[in-house]
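Trainee: Please pick one part of this model and look at it closely. I would like to know what surrounds it and how far the model can be read there.

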Amino acid sequence: MPTLNDTSALFEECRIVRTYGELDTQSAAPLVRALTEARAAPPGRLFLIVDLSEVTFSDSSVLSALCEAWSDCRARRGWVRIVYDSHTTDLVFRHTGLLDRFPAYANAQDAWEGRTADAARRLPASASPAAEARCPAGVHMPRRTTRQDTS
């Protein structure tokens with residue numbers, strides 16, 4: 001069963017919810033509860049980052065809670081962004097048609113800035129020394145020209 005950190009303030013009007021382990025029908029209740037508590041924040045804009053980066057397995061059992069949070073945050077002129085890099089989590093979003101709504105973010109800072117994991121990989125080599133070291137000579141890395149808003 002996943003253990004959740006307390007929902008805490010982050011980046012001004014933003015809340016972050018973290019979980020780890022397996023997320024399925026038997027273990028999703030704490031995450032669903034934490035999402036509900038995060039949305040109980042005072043009225044006004046609400047930005048919610050859900051960190052699933054340490055989730056080892058996920059099924060579709062949390063999708064309704066994530067979609068409900070997404071709808072609530074959008075109605076409040078905010079957003080929900082998900083941090084994950086797991087293949088199974090990606091498959092859940094992809095096979096349910098929610099990948100456009102919930103693209104992957106590499107970490108909370110990238111989620112806050114609206115930089116999806118795919119966009120981060122497209123940054124110019126000069127922006128990341130590590131990327132420059134991995135990039136073979138003669139390979140052009142395209143520049144990110146606009147900020148991607150996935151809300």
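**Strand S4 and its surroundings**

Mentor: Ile 49 stands opposite Arg 81 in S4. That pair is a convenient way into strand S4, which covers residues 79-83. The model is a predicted one, so confidence comes before any detail. In the chain, S4 has the highest confidence, with a mean pLDDT of 97.

Ile 49 falls within strand S3, residues 47-58. S3 and S4 run parallel and are joined by five bridges. S4 also pairs with strand S5, residues 104-105, again in the parallel sense, over two bridges. In that pairing, Val 83 has Tyr 105 of S5 as its bridge partner. The link between S4 and S5 passes through helix H3, residues 87-95, and the three elements make a right-handed β-α-β unit.

Now the side chains of S4. Trp 79, Arg 81 and Val 83 point one way from the strand, while Val 80 and Ile 82 point the other way. The residues of both groups are buried. Because five of the five residues of S4 are buried, the strand is largely enclosed by the rest of the structure. For Arg 81, this means that a residue with a bridge partner in Ile 49 is also among the buried ones.

Next, follow the pairing from S3 away from S4. S3 pairs with strand S2, residues 14-23, in the parallel sense over nine bridges. One of the positions in that pairing is Leu 23, which stands opposite Ser 58 in S3. S2, helix H1 and S3 make a right-handed β-α-β unit, as S4, H3 and S5 do.

S2 and S3 are also linked through side chains. Asp 51 and Arg 18 meet in a salt bridge, at 3.5 Å from N to O. Asp 51 sits in S3 and Arg 18 in S2, 33 residues apart, and the pair links distant parts of the chain. Asp 51 has a relative accessible area of 11% and is therefore buried, whereas Arg 18, at 34%, counts as partly exposed.

Helix H1, residues 29-39, has as its buried residues Pro 30, Leu 31, Ala 34, Leu 35, Ala 38 and Arg 39. Strands S2 and S3 and helix H2 (63-75) are included in what covers them. Arg 39 forms a salt bridge with Glu 68, with the closest N and O atoms 3.2 Å apart. Arg 39 lies in H1 and Glu 68 in H2, so the pair ties together parts that are 29 residues apart in sequence. Arg 39 counts as buried at 16% relative accessibility, and Glu 68 is partly exposed at 47%.

A further salt bridge brings the account back towards S4 in sequence. Arg 76 and Asp 72 form it, their closest N and O atoms being 3.8 Å apart. Arg 76 counts as buried, at 15% relative accessibility, and Asp 72 as partly exposed, at 24%. Arg 39, Glu 68, Asp 72 and Arg 76 are linked in a network of salt bridges. The count of salt bridges comes to seven.

For the setting as a whole, the chain has six helices and five strands, and from the N terminus on they run β-β-α-β-α-β-α-β-α-α-α. Of the 151 residues, 44% count as buried. Among contacts between residues at least 6 apart in sequence, 64% join residues at least 24 apart. The accessible surface of the chain comes to about 8500 Å², and 50% of it belongs to carbon and sulfur atoms.

Last, the limits. The chain averages a pLDDT of 78, and 70% of the residues score at least 70. Residues 1-10 have a pLDDT below 50, and this stretch has 34 contacts in the model beyond near neighbours in sequence. Over residues 122-151 the pLDDT also stays under 50, and there the model has 34 contacts beyond four places in sequence. Confidence is lowest in helix H6, residues 129-134, at a mean of 40. Where pLDDT is low, the predicted coordinates should not be read in detail.

Technical notes:
Residues numbered from 1 in each chain as written. Predicted model: local features only at pLDDT ≥ 70, side-chain atom pairs only at ≥ 80, totals over all residues. Heavy atoms only, no water. pLDDT = per-residue confidence, 0-100. Helix = DSSP H or I, 4+ residues; strand = E, 2+ residues; numbered from the N terminus. Contact = heavy atoms within 4.5 Å. Buried < 20%, exposed > 50% of the residue type's maximum accessible area, 1.4 Å probe, protein only. Salt bridge = Lys/Arg side-chain N within 4 Å of Asp/Glu carboxyl O. Pairing = 2+ DSSP bridges. Right-handed = clockwise from strand over helix to strand, strands pointing away. Areas by Shrake-Rupley, 256 points an atom, 1.4 Å probe, with all protein chains shown as cover.
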